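Q: Please take a close look at a single part of this protein and explain how that part relates to the rest of the chain. A formal, connected account suited to a reader new to the structure would be welcome.

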Amino acid sequence: MQQPMTRPGNHVIQSYEVYAEMLYRIALVHLGSRQDAEEATQDTFIKLIEKAPVFKDDEHQKAWLIRVITNHCKNLLGRGWRKREVKLEGVEPVTSDNPEELAILQLVLALPVKYKAVIHLYYYEDYPIQEISRILQISESAVKMRLQRGRQLLKLELEGAEVE
């Protein structure tokens, strides 16, 4: 018999079921490591439990979670211990069945954080520029500029890959 969802924390469980995969992908784009992405996703839901913010609607909650995980990833990338971290040889952080998708995803992952964040939200999560601006708390013109520069970097990398 299924129990009604009345115990405290059920909203967190429901949020986890709805948003965990998306947040994991965002963290994976930022951090490039499955373990780090899983930890960042877990930390984001811990912050949801600790802060217990009141949301106007589902979109407000989704935007809050994206902002929290994005900021958490930036903090992780800025820590000194991570800069000294040595990557294990032969460990692939992401996989795909389609080699072209994998190649493009690898190029996106290699972009600087500020470019890959907007590119991921725009192309992989289908957010409009206005929403990305609100989530990342930067101006719309900054989002457009980062999209443009990120596309230019990807284009240069793709052209370089074709020449080789």
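A: **Helix α6 and its surroundings**

V113 is partly exposed, with a relative accessible area of 24%; here buried stands for under 20% relative accessible area, exposed for over 50% and partly exposed for what lies in between (1.4 Å probe, protein chains only). The residue belongs to helix α6, which covers residues 113-124; helices (H or I, at least four residues) and strands (E, at least two) are DSSP runs numbered from the N terminus.

The model is a predicted one, in which local features need pLDDT of at least 70 and side-chain atom pairs count only at pLDDT 80 or more, while totals for chains, interfaces and linings use all residues. Residues are numbered from 1 along each chain as its sequence is written, and side-chain values rest on heavy atoms, with hydrogens and water left out.

As a whole, the protein has eight helices and zero strands, so that, by the DSSP runs used here, its elements read α-α-α-α-α-α-α-α from the N terminus on. Of its 164 residues, 39% are buried.

The place of V113 can now be related to a distant part of the sequence. V113 and H30 are separated by 83 residues in sequence, yet their C-alpha atoms are 6.1 Å apart in space.

A further link to helix α1 is provided by a salt bridge, that is, a side-chain nitrogen of Lys or Arg within 4 Å of a carboxyl oxygen of Asp or Glu. Two such bridges are counted. In one of them, E125 is paired with R25, and the closest N and O atoms are 3.0 Å apart. E125 lies in the loop between α6 and α7 (129-136), whereas R25 lies in helix α1, so the pair ties together parts that are 100 residues apart in sequence. E125 counts as buried because its relative accessible area is 12%; R25, at 32%, is partly exposed.

The second bridge is found in helix α7. It joins R134 to E131, with 2.4 Å between the closest N and O atoms. These two residues both lie in α7, three residues apart, which is about one turn of the helix. An α-helix has 3.6 residues a turn, so residues three or four places apart point the same way. R134 is partly exposed at 37% relative accessible area, while E131 is buried at 16%.

Aromatic rings come next. A pair is described by the distance of the ring centres and the angle of the planes. Rings of Phe, Tyr and Trp (its six-membered ring) pair if their centres lie within 6.5 Å; planes under 30 degrees apart count as stacked, over 60 as edge-to-face and the rest as tilted. The structure holds three aromatic pairs. One of them is Y16 with F45, an edge-to-face arrangement with 5.0 Å from centre to centre and 65° between the planes. Y16 lies in helix α1 (residues 10-31) and F45 in helix α2 (residues 34-51), so this pair ties together parts that are 29 residues apart in sequence. Y16 is partly exposed, with a relative accessible area of 46%, but F45, at 5%, is buried. Another pair is Y122 with Y123, which is edge-to-face with 4.8 Å between the centres and 85° between the planes. Y122 is partly exposed at 28% relative accessibility, and Y123 is partly exposed at 43%.

Y123 also takes part in a nonpolar surface patch. Together with I104, Y124 and L158, it makes a patch of about 360 Å². Such patches consist of residues with over 30% relative accessible area and no salt bridge, where nonpolar side chains (Val, Leu, Ile, Met, Phe, Trp, Tyr) are joined within 5 Å and like charges within 9 Å; the areas come from the Shrake-Rupley method with a 1.4 Å probe, only the protein chains shown counting as cover for residues. I104 has its place in helix α5 and is partly exposed at 39% relative accessibility. The buried residues of α5 are L105, L107, V108 and L109.

Finally, helix α8 (residues 140-163) contains R151, which is partly exposed at 37% relative accessibility. R151 and Y115 are 36 residues apart in sequence, and 8.7 Å separates their C-alpha atoms in space.
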